[in-house]
Amino acid sequence: MANDTDLEVLSSCALSNMARVRPVLDKIADKWTILILTVLCPKPSRFNEIKRRLDGITHKALADALKRLERNGLVTRTVLPTAPIGVEYAITPLGHSLRHPFEALCGWALAHGDAINDARTAYDRARQAE
């Protein structure tokens, strides 16, 4: 783990660049982006394949997210010459550059999910006792 001085420098840098950092984080840190890019990272996929792998996403939410990701240069959309017409989505090099941070975040979520649930339970119990 970084020492306190390193953390102060990182924090100061992030805060002083917030006008540039926040809009980017807004584009990659929403509810579905990390999961969609995780599905696309190993290989291109069609819309319904992505939808099947992301349990709980609606058709509209996936369509909107894929349009946003394409607009932001993180995925490409290719119309396939099939009948009926198919569409395939693939991760771009820019999108792929998020692989390591996303893997780290997913690993953190797996390692600390139980601790978060325990903290929520303790918090809720404390509030009910008040």
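**Figure 1. V79 of β2 faces V87 of β3 in this close-up of the hairpin.** V79 stands opposite V87 in β3, and this is a predicted model. Further pairs can be followed from here: L80 stands opposite G86, while V75 has I91 in β3 as its bridge partner. In total, six bridges join β2 to β3, and the two strands run antiparallel. Together β2 and β3 make a hairpin, with five residues between them.

**Figure 2. A cis peptide bond sits in the loop of the hairpin.** Here we stay with the loop between β2 and β3, where P84 is found. The peptide bond leading from A83 to P84 is cis, and its omega is near -5°. Five residues separate the two strands of this hairpin, so there is a short list to step through when you look for the bond.**Figure 3. Three strands build an open sheet.** Which strand lies between the other two in the order of this sheet? The order is β1-β3-β2, with antiparallel pairing, which places β3 in the middle. β1 (45–46) and β2 (75–80) stand at the edges with a single partner strand each, so one side of each has no neighbour in the sheet. β1 pairs with β3 over two bridges, in the antiparallel sense; in one of the bridges between these strands, S45 has Y89 of β3 as its partner. On the other side of β3, six bridges connect to β2. β3 is mostly covered, with five of its six residues buried.

**Figure 4. P44 leads into the first view of the β1 edge.** P44 lies in the loop between α3 and β1. Is P44 buried or partly exposed? With a relative accessibility of 38%, P44 counts as partly exposed. Beyond its neighbours within four places in sequence, P44 is in contact with E88, Y89 and A90. K60 can serve as a landmark for this view: P44 and K60 are 16 residues apart along the chain, and their C-alpha atoms are separated by 20 Å.

**Figure 5. Helix α3 lies across the sheet.** α3 lies across β1, β2 and β3, and runs at about 100° to β3. Two residues of this helix are worth a closer look. T33 belongs to helix α3 and is buried, with a relative accessible area of 1%. Not counting residues up to four places away in sequence, T33 touches K27, I28 and L69. I34 also has its place in helix α3, and I34 is buried, at a relative accessible area of 16%. What does I34 touch, not counting residues up to four places away in sequence? The list is I28, F102, L105 and C106. P93 is 59 residues from I34 along the chain, and the C-alpha atoms of the two are separated by 15 Å.

**Figure 6. I36, L37 and I50 in the largest nonpolar core.** This core has 23 residues, and I36, L37 and I50 touch the most other members. The elements giving two or more residues to the core are α3 (33–40), α4 (47–53), α5 (59–71) and β3 (86–91). Follow I50 to see some of these contacts: leaving aside neighbours within four places in sequence, I50 is in contact with V39, L40, S45, L62, L66 and Y89. Two of these residues, S45 and Y89, also appear in Figure 3, where Y89 in β3 is the bridge partner of S45.

**Figure 7. Helix α7 carries a kink.** How many residues make up helix α7? There are 31, covering residues 99–129. At 1.5 Å a residue the helix should span 45 Å, and its end C-alpha atoms are 43 Å apart, which agrees. Look at H112 for the bend: a kink of about 55° in α7 is centred there.

**Figure 8. L7 in helix α1.** L7 has its place in helix α1, which covers residues 4–16. Its relative accessibility is 36%, so L7 counts as partly exposed. To place L7 against another part of the chain, look for E103: the two are 96 residues apart in sequence, and 22 Å apart in space from C-alpha to C-alpha.

Conventions
Residues are numbered from 1 along each chain as its sequence is written. This is a predicted model: local features need pLDDT of at least 70, side-chain atom pairs count only at pLDDT 80 or more; totals for chains, interfaces and linings use all residues. Side-chain values use heavy atoms; hydrogens and water are left out. A nonpolar core is a set of buried Ala, Val, Leu, Ile, Met, Phe, Trp, Tyr and Cys residues joined through side-chain atoms within 4.5 Å. Buried means under 20% relative accessible area, exposed over 50%, partly exposed in between (1.4 Å probe, protein chains only). Helices (H or I, at least four residues) and strands (E, at least two) are DSSP runs, numbered from the N terminus. Contact means heavy atoms within 4.5 Å. Two strands pair if DSSP finds at least two bridges between them. Axes are lines fitted to C-alpha atoms, for helices over the stretch in contact, and angles run from 0 to 180 degrees between N-to-C directions. The expected span of a helix is 1.5 Å times one less than its number of residues. The bend at a residue is the angle between axes fitted to the seven residues ending there and the seven starting there.
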